[in-house]
Amino acid sequence: MKVFRGYRNSKLAAHCALTIGNFDGVHRGHQAMLALLKNEAQHRGVPSCVMTFEPHPRDYFAALARKPELAPPRIATLRDKLTELSACGVDQVVVLPFDAQLASQQPEDFINDILITGLGVRYILVGDDFRFGAKRAGGYAMLDAAGQRLGFDVARMNSYEVQSTRVSSSAVRQALSAGDMAQTARLLGRPYSISGHVVHGRKLGRDLGFRTLNLRFSHWNPAASGIFAVHVFGLSDTPLPGVANLGIRPSIDANDVNGGRVLLETYCLDWPAALGAEGGYGKIVRVELLHKLHDELKYHGLDALKEGIAKDCNDARTFFKGLHSETTRQTTRDRI
């Protein structure tokens, strides 16, 4: 999959089949859209293309209004969004910077400058609530009329439901906020995960006897937070069970090396000996959040924090034993 920052790039295909959206989480509704897009692109002999935005438009307007509480919690980082789009077989992604220029662009100019001149669209697929242009003045009807006039096809996809629940990024955010990882996985079609480079931290974990893998994110407001039983990918041939803290670590001084920023801090219950003590740094790992143990807690003192982490590890081991037992029972039933 090719990724382009902006639409003014000579390496972009001359024509494409396009869908437009934030695609936060790339949930099952998004996946259904992308499958249809791929099919339409193949029929037309053009690449499939996703146009998305960074930052999220609501992040931009929240910052403009100086009201950060208006920005939605993010399901995925840009890295994870692109990874999932690639897994869905998208040929190319255009990431548009959402700024003052784009926010003020009239819908007619968006169609002419970006869709026609910039991307050479032959087909556009949008969701049933799609809006575009300054003040969200453009919609499906305007896009469809422009397609008939300018020679591209326009289609609209209705909502996608799972067990009578409309699948949307908002529904995924609600499930993550509630700590319902099973419902989150149903909406996403996979366990919820976060990836990134392992970075150096304060090294407090090793002093407490719980050496951790730290993933740090700048300018990210995650939809999930708390303590989780997790699987870690990227360090060995098989996933490693572990415990992770996603949040700001309220028991730690906000002025430490992490500066009060969001951190995903993961302790592997069984560390691979082949990696050595420092073998995780610099690697890209993916952490699947399987089960929420509890919200972040503020411990009064390092001894209390150490006891709390030990209890979380024991609770995670109990969860994985149950998970293993259920898998064994299911395998036995399948054989019968």
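**Exercise 1. Around Leu235**

Task: In this predicted model, which residues is Leu235 in contact with, leaving aside its neighbours within four places in sequence?

Solution:
- Step 1. Find Leu235 and skip the neighbours within four places in sequence.
- Step 2. Collect the remaining contacts: Leu213, Leu240, Cys268, Trp271, Pro272, Leu275, Gly280, Lys283 and Val285.
- Step 3. Now zoom out to the largest nonpolar core, which has 33 residues. Leu235 is one of the residues with the most contacts inside this core, along with Leu176, Tyr192, Val232, Leu246, Leu264 and Leu289.
- Step 4. Ask which elements give two or more residues to this core: they are α7 (169-177), α8 (181-188), β9 (192-197), β10 (213-216), β11 (226-233), β12 (240-247), β13 (263-268) and β14 (284-294). With four residues, α7 gives the most.
- Step 5. Look elsewhere too: apart from this core lies another, of 29 residues, including Phe53, Leu102, Leu119 and Phe152.

**Exercise 2. Reading the sheet**

Task: In what order do the six strands of the open sheet stand, and why is one side of β1 and of β6 left without a neighbour?

Solution:
- Step 1. Walk across the sheet, and you meet β1, β4, β3, β2, β5 and β6 in that order, with parallel pairing.
- Step 2. Check the ends. β1 (2-5) and β6 (153-157) are at the edges and have a single partner strand each, so one side of each has no neighbour in the sheet.
- Step 3. From one strand to the next, the twist averages 25°.
- Step 4. Take a closer look at one pair: β5 (residues 121-127) and β6 run parallel and are joined by five bridges. Within this pair, Leu125 has Ala155 in β6 as its bridge partner.
- Step 5. Add a helix. α3 (residues 78-87) packs on the sheet and touches β1, β3 (48-54) and β4 (92-97), and its direction makes about 170° with that of β3.

**Exercise 3. Two helices that meet**

Task: At what angle do α5 and α6 pack, and which residues meet there?

Solution:
- Step 1. Locate α5 (residues 107-118) and α6 (residues 140-150); they pack at an angle of about 50°, and their axes are 11 Å apart.
- Step 2. Name the arrangement: this angle makes α5 oblique to α6.
- Step 3. Give the handedness: α5 passes α6 in a right-handed crossing.
- Step 4. List the meeting residues. From α5 come Pro107, Glu108, Ile111, Asn112, Leu115 and Ile116, while α6 brings Met142, Leu143, Ala146 and Leu150.
- Step 5. Look for a pattern in such lists, remembering that residues three or four places apart point the same way because an α-helix has 3.6 residues a turn.

**Exercise 4. Backbone surprises**

Task: Which residues does a cis peptide bond join, and is Arg66 buried or exposed?

Solution:
- Step 1. Recall the usual case: most peptide bonds are trans, and most residues other than glycine have a negative phi.
- Step 2. Spot the cis bond, which joins Glu54 and Pro55 with omega at about 5°. Pro55 is in the loop between β3 and α2.
- Step 3. Continue to α2 (residues 57-64), where the buried residues are Pro57, Asp59, Tyr60 and Ala62. These pack against β3 and α4 (100-103).
- Step 4. Move on to Arg66, in the loop between α2 and α3. Its phi is positive, near 55°. Arg66 counts as exposed because its relative accessibility is 78%, and the cut-off for exposed is over 50%.
- Step 5. Try the reasoning again on Ser164, which has a positive phi near 65° and sits in the loop between β7 (161-162) and β8 (165-166). At 69% relative accessibility, Ser164 counts as exposed.

Note on methods: Residues numbered from 1 in each chain as written. Predicted model: local features only at pLDDT ≥ 70, side-chain atom pairs only at ≥ 80, totals over all residues. Heavy atoms only, no water. Pairing = 2+ DSSP bridges. Axes fitted to C-alpha atoms, helices over the stretch in contact; angles between N-to-C directions. Contact = heavy atoms within 4.5 Å. Core = buried A, V, L, I, M, F, W, Y, C linked by side-chain atoms within 4.5 Å. Buried < 20%, exposed > 50% of the residue type's maximum accessible area, 1.4 Å probe, protein only. Parallel < 35°, antiparallel > 145°, perpendicular 65-115°, else oblique. Left-handed = near helix turned anticlockwise from the far one by under 90°.
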